[in-house]
Amino acid sequence: MNETKKNECPECKSNNTAKHGFMVTRQGRKQRFQCKACGLTFTEKLGKTK
Ligand SMILES: [Zn+2]
């Protein structure tokens, strides 16, 4: 198994995040996440979106 780092919230650093659909970018689809602790939605690598 390839253990990847858990997606942590860029805002509050919580690991309590859930998948929240996809964001389409020029590079392709990015997995989107929502932090259950502070409610922030963010994508991997791209950082936070408001
Ligand atoms: Zn958070």
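## A walk through a four-stranded chain

Let us start at lysine 13, which sits in the segment before strand S1, the strand that spans 17–25. The structure you are looking at is a predicted model, so please keep that in mind as we go.

What sign does the phi of lysine 13 have? The value is positive, near 65 degrees, and lysine is a residue other than glycine. Most residues other than glycine have a negative phi, so a positive value is worth a second look when you meet one. Is lysine 13 buried or exposed? It counts as exposed because just 10 C-beta neighbours lie inside 10 Å, and the cut-off for exposed is 12 or fewer.

Now step back to the whole chain. The protein chain has four strands and zero helices, and reading along the sequence gives the pattern β-β-β-β. Of its 50 residues, 8% count as buried. Among the contacts with a separation of 6 or more, 25% are between residues 24 or more positions apart.

Next, follow the strands as they pair. S1 and S2 run antiparallel and are joined by seven bridges. Together S1 and S2 make a hairpin, with two residues between them. To see one facing pair, find valine 24, which stands opposite arginine 29 in S2.

S2 also has a partner on the other side of the sequence: strand S3, residues 41–43. These two strands run antiparallel as well, joined by three bridges. Here phenylalanine 33 has phenylalanine 42 in S3 as its bridge partner. The hairpin of S2 and S3 has five residues between the strands, and in this hairpin glycine 39 takes a positive phi near 85 degrees.

We finish with cysteine 35, which belongs to strand S2, residues 28–35. Is cysteine 35 buried or exposed? Cysteine 35 is buried, because 23 other C-beta atoms lie within 10 Å and the cut-off for buried is 20 or more. Which residues does cysteine 35 touch, leaving out those up to four places away in sequence? They are Cys9, Glu11, Cys12, Ser14, Asn16, Thr17 and Leu40. Proline 10 is also worth finding in the model: cysteine 35 and proline 10 are 25 residues apart in sequence, while their C-alpha atoms are 9.1 Å apart in space.

Definitions and conventions:
Residues numbered from 1 in each chain as written. Predicted model: local features only at pLDDT ≥ 70, side-chain atom pairs only at ≥ 80, totals over all residues. Contact = placed C-beta atoms within 7 Å. Pairing = 2+ DSSP bridges.
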